[in-house]
Amino acid sequence: MPQDGSDRHRRDYAAQVARLAGVRDRRIEEAFAAVPREDFLPPLPWTVISMGVATRTSDIAEIYSNVLVAIDRERGINNGEPALHAEWIDAVSPQPGESVIHVGAGTGYYTAILARLVQPNGHVEAFEYETDLASQAARNLSAYANVTVHAASAFGRVLPNADIIYVNAGVIAPDVQWLRALNPGARLIFPWQPHKGWGPALLVTRRGRGFSAQSLMTVGFISCSGTSERISVSRLPTESDVAAVRSIWIGSERPPDSSAVAVYDDVWFSSEEIGA
């Protein structure tokens, strides 16, 4: 959907997004400047959402700002806040040649940005449970030879090993297979919403002894579709527990101990710090 001025708008937008996100890696700004956002949006007119206010527009300049753009308002699905994603992408630091699993790819906009950042020789496996969105993503990403789109849930399935798992939907707990798929030193980022609604974005890194966890910011994401996790009654986190999380463990490899602040069927969250 090329339109006059798109290149200029993208450059200004990418600089704005990088500044708002405090991006350290210049390549991220370049990726935002290179990927046409309009190619991943519904037909005109677009619905732009800023500060909770939705407006209809056919002006391409309006989508090149740090705003949400609706994909399906009835289902609460949108294109995501660019500065938030720029900060997340900077945190997981995709490098050329790395492998990425994108959970909740939507129509593929941030998949495309991740795909550019792992070129050359890197690959993105994009999972989207909603079949209509997965079909759109496959069309939108057809020019990206290093992307494979799966119209399927990324929950409850063995995944290929990955250097990054990037999750764009709120989860009550991470799937144990996500942790198992992480290569040494690999990064997982996901919105942890143990009580639904808002919760911390957790950056998880596979260390020699386990999985360190760092809270980056408070976020609110639509819940992940197609999930099969169950909450164990043994320990649900309080608000202070959520803030205390420093590591995540696979229950079959290390049973919960006195450091546990949240316990699920297959994984548990701990206040214990772990080193590299």
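This is a walk through the fold, the core, the charged pairs and a few unusual backbone spots of one protein chain.

Let us begin with the whole chain, keeping in mind that this is a predicted model. The chain contains eight helices and 14 strands. Along its principal axes, the C-alpha trace spans about 60 × 40 × 35 Å. How does the radius of gyration fit with that of a compact globule? For 276 residues, a compact globule would have a value near 19 Å, and the chain, with 18 Å, agrees with this.

The next thing to look at is how the chain is packed. Of its 276 residues, 53% count as buried. The surface that the chain exposes comes to about 12,100 Å², and carbon and sulfur atoms supply 48% of that area. Contacts also reach along the sequence: among those between residues at least 6 apart, 58% join residues at least 24 apart.

Now step inside. The largest nonpolar core has 51 residues. Which residues have the most contacts inside this core? They are F32, I63, W88, I89, Y109, I113 and Y166. Helix α5, which covers residues 109–117, gives the most to the core, with seven residues. W88 is a good place to pause and look around. Leaving aside neighbours within four places in sequence, W88 is in contact with Y166, V167 and N168, with I189, F190 and P191, and also with A201, M217, V219 and F221. There is also a second, separate core, made of 35 residues, and its members include A154, W178, L188 and V261.

From the nonpolar cores we can turn to charge. Side chains of opposite charge can pair when their charged atoms come close. Counting a pair when a side-chain nitrogen of Lys or Arg lies within 4 Å of a carboxyl oxygen of Asp or Glu, the model has 13 salt bridges. Three of them are worth visiting one by one.

The pair R10 and D7 forms a salt bridge with an N to O distance of 2.6 Å. Both residues belong to helix α1 (residues 6–21), and because they are three residues apart, about one helical turn separates them. Are the two partners buried or exposed? R10 counts as buried, at 8% relative accessibility, while D7 is partly exposed, with a relative accessible area of 46%.

A pair with this kind of spacing sits in helix α2 (residues 26–34), where R26 and E29 are three residues apart, about one turn of the helix. Their side chains meet in a salt bridge at 3.4 Å, N to O. Here R26 counts as exposed, at 55% relative accessibility, whereas E29 is buried, with a relative accessible area of 18%.

The pair R187 and E98 reaches across the sequence. The closest N and O atoms of this salt bridge are 2.8 Å apart. R187 lies in strand β9 (residues 182–191) and E98 in the loop between α4 (82–92) and β5 (99–103), so the pair ties together parts that are 89 residues apart in sequence. R187 counts as buried at 13% relative accessibility, and E98 is buried at 14%. Elsewhere, salt bridges that share partners join D72, R75, E130 and D132 into one network.

Finally, follow the backbone itself. Most residues other than glycine have a negative phi, and most peptide bonds are trans. Where does this chain depart from that pattern? One cis peptide bond runs from L44 to P45, with omega near -5 degrees, and P45 is found in the loop between α2 and β1 (46–50). Another cis bond links Q119 to P120, with omega near -10 degrees; P120 lies in the loop between α5 and β6 (123–127).

The loop between α5 and β6 also holds N121, which has a positive phi of about 75 degrees although it is not a glycine. N121 is exposed, with a relative accessible area of 75%. S93, in the loop between α4 and β5, likewise has a positive phi, near 50 degrees, in a residue other than glycine. S93 is partly exposed, with a relative accessible area of 28%.

Note on methods. Residues numbered from 1 in each chain as written. Predicted model: local features only at pLDDT ≥ 70, side-chain atom pairs only at ≥ 80, totals over all residues. Heavy atoms only, no water. Helix = DSSP H or I, 4+ residues; strand = E, 2+ residues; numbered from the N terminus. Buried < 20%, exposed > 50% of the residue type's maximum accessible area, 1.4 Å probe, protein only. Core = buried A, V, L, I, M, F, W, Y, C linked by side-chain atoms within 4.5 Å. Contact = heavy atoms within 4.5 Å. Rg over C-alpha atoms; globule rule 2.2 N^0.38 Å. Areas by Shrake-Rupley, 256 points an atom, 1.4 Å probe, with all protein chains shown as cover.
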